[in-house]
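Student: Hi! Could you walk me through this one? I'd like to start with the metal.
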Amino acid sequence: MSWPETVKIVEVGARDGLQNESTEVPVAIKIELIERLAAAGLPAVEAGAFVSPKRVPQMAGSTAVFQGLRQRHGTAYPALVPNMKGFEAAIEAGVTDIAVFVSASEGFSQHNIGCSRSESLERLHDVAQVATSQNIRMRGYVSCIAGCPYDGAVAPDEVAAMADALVAMGCYEISLGDTIGVGTAGQIRSVIKRVATDIPREKIAMHFHDTYGQGVANVLASLEEGIAVFDSSVAGLGGCPFAPGASGNVATEDVVYLLRGLGIKTGIDLMAVAKTGDWISRHLGRPNAARAGKALLAAKQEDDLHGG
Ligand code: HMG
Ligand code: MG
């Protein structure tokens with residue numbers, strides 16, 4: 001089996017992770033989280049969302065986050081943008097990388113952004129045009145690639161149609177999201193194979209939620225399909241408020257541990273991410289969902305105790 005030599009991890013904990021937290025997370029904590037992740041070598045750290053504060057209160061401070069953030073040279077800090085209003089707010093806050101999002105299923109589109117799939121593409125056309133004219137880099141998400149909380153099964157053709165539309169709009173990369181974490185390895189491979197008949201594999205990223213514990217297995221299956229970009233979340237934070245029961249993203253610590261074991265380079269300091277995962281979990285008062293993170297920290301503590 002030939003793995004990619006290097007893999008890019010897009011850290012989504014500060015957005016996908018925190019958007020689902022019920023208690024307010026102070027802007028200073030969000031900034032510290034983002035800065036620690038960037039310092040740990042994550043090449044892209046999603047840092048906020050310019051969506052309706054009524055729908056997602058936790059992302060309401062995104063302008064303040066971007067204004068207070070000390071950005072590292074060479075790190076990308078994308079922000080989620082749903083429409084022109086969000087785009088304008090993002091640009092005002094100093095964002096230079098945006099991520100637009102659509103759903104492969106009709107039901108999730110309606111629940112998440114209040115419009116149909118075709119309407120969502122129409123809304124994004126204006127955003128895409130302005131973004132291109134202002135040299136703003138644009139990533140695209142397709143949600144519900146392996147199943148929808150409202151419509152059930154989703155056909156790979158539906159996923160490919162939305163991914164194609166986002167590429168045509170100018171997205172440099174399409175992140176295929178298993179929003180509710182139901183997909184298993186064979187199914188994920190089929191979706192990738194279908195999308196890759198239209199889009200080069202270098203432009204495809206995978207975004208797994210770990211609801212059914214399939215995240216790491218699905219990363220491995222995707223690597224075998226030649227995918228080299230993965231979204232993940234420190235401490236496995238996350239979920240989507242409009243996907244009932246969906247749990248956090250596959251943990252960054254678990255993915256980097258897998259990649260390190262396979263000899264794949266990421267440029268990420270795994271122990272620094274593990275410490276950040278422990279810190280943010282304590283802050284949020286929730287268990288750390290990163291298995292590798294917890295194990296590495298426990299092993300280090302043991303080592304330190306015995307003078308190792
Ligand atoms: P809407 O209600 O359909 O739009 O919102 P509207 O145009 O009727 O506006 C209603 C109100 O929202 C108005 O305010 C607008 O001004 C305001 P009001 O007059 O009631 O005071 N509004 C905005 N405010 C701030 N920023 C904006 C904005 N746009 C309108 N950009 C909208 C449409 C999409 C904005 C709304 O439905 C929304 O924000 N939905 C939340 C979407 C979201 O953030 N979901 C979670 C992220 S997606 C995800 O997690 C999946 C992903 O991780 C991949 C995966 O896992 O699959 C990416
Ligand atoms: Mg997600």
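Tutor: Sure! Along the chain, the donors of the magnesium ion (ligand 2) are spaced as D-x190-H-x1-H. Donors here are N, O and S atoms within 2.8 Å of the metal (3.2 Å for Na, K and Ca), and water is not among the atoms, so sites may look incomplete.

Student: Which residues coordinate the magnesium ion (ligand 2)?
Tutor: D16 (OD), H207 (NE2) and H209 (NE2) do, at 2.0 to 2.3 Å. D16 and H209 link distant parts of the chain, 193 residues apart: D16 is in helix α1 (residues 13–17), while H209 is in the loop between β8 (204–208) and α9 (215–224). Helices (H or I, at least four residues) and strands (E, at least two) are DSSP runs, numbered from the N terminus.

Student: Before we go on, what kind of model is this?
Tutor: This is a predicted model, where local features need pLDDT of at least 70 and side-chain atom pairs count only at pLDDT 80 or more, while totals for chains, interfaces and linings use all residues. Residues are numbered from 1 along each chain as its sequence is written, chains are lettered from A and ligands numbered from 1 in the order in which they are written, and side-chain values use heavy atoms, with hydrogens and water left out.

Student: Back to the metal site. Are D16 and H209 buried or exposed?
Tutor: Both D16 and H209 are buried. Buried means under 20% relative accessible area, exposed over 50%, and partly exposed in between (1.4 Å probe, protein chains only).

Student: And why does H207 count as buried?
Tutor: Because its relative accessible area is 4%. H207 lies in strand β8.

Student: Which side chains does H207 make polar contacts with?
Tutor: The side chain of H207 has a polar contact of 2.9 Å with that of D16, and another of 2.8 Å with that of D231. A polar contact is a pair of N or O atoms within 3.5 Å; within protein, one must be able to donate a hydrogen and the other to accept it, and residues adjacent in sequence count only if both atoms are side-chain atoms.

Student: OK, new topic: ligand 1. Which residues come nearest?
Tutor: Of the 27 residues around ligand 1, the nearest are S52, K54, N112, S143 and T179. Near means that a heavy atom of the residue lies within 4 Å.

Student: What about D16 and ligand 1?
Tutor: D16 turns up here too, with a polar side-chain atom 3.0 Å from an oxygen atom of ligand 1. In the side chain of Q19, an N or O atom is 2.9 Å from an oxygen atom of ligand 1. For V51 it is a polar backbone atom, 3.3 Å from a nitrogen atom of ligand 1.

Student: Which elements give two or more residues to the shell around ligand 1?
Tutor: Those are α1, α4 (84–92), α5 (106–113) and β6 (137–143).

Student: Last topic: backbone angles. What is special about phi in C144?
Tutor: Phi of C144 is near 60 degrees, a positive value in a residue other than glycine. Most residues other than glycine have a negative phi. C144 is in the loop between β6 and α7 (156–169), and it counts as buried because its relative accessibility is 0%.

Student: And what about A235?
Tutor: A235 has a positive phi of about 60 degrees although it is not a glycine. You'll find A235 in the loop between β9 (229–232) and α10 (252–261).
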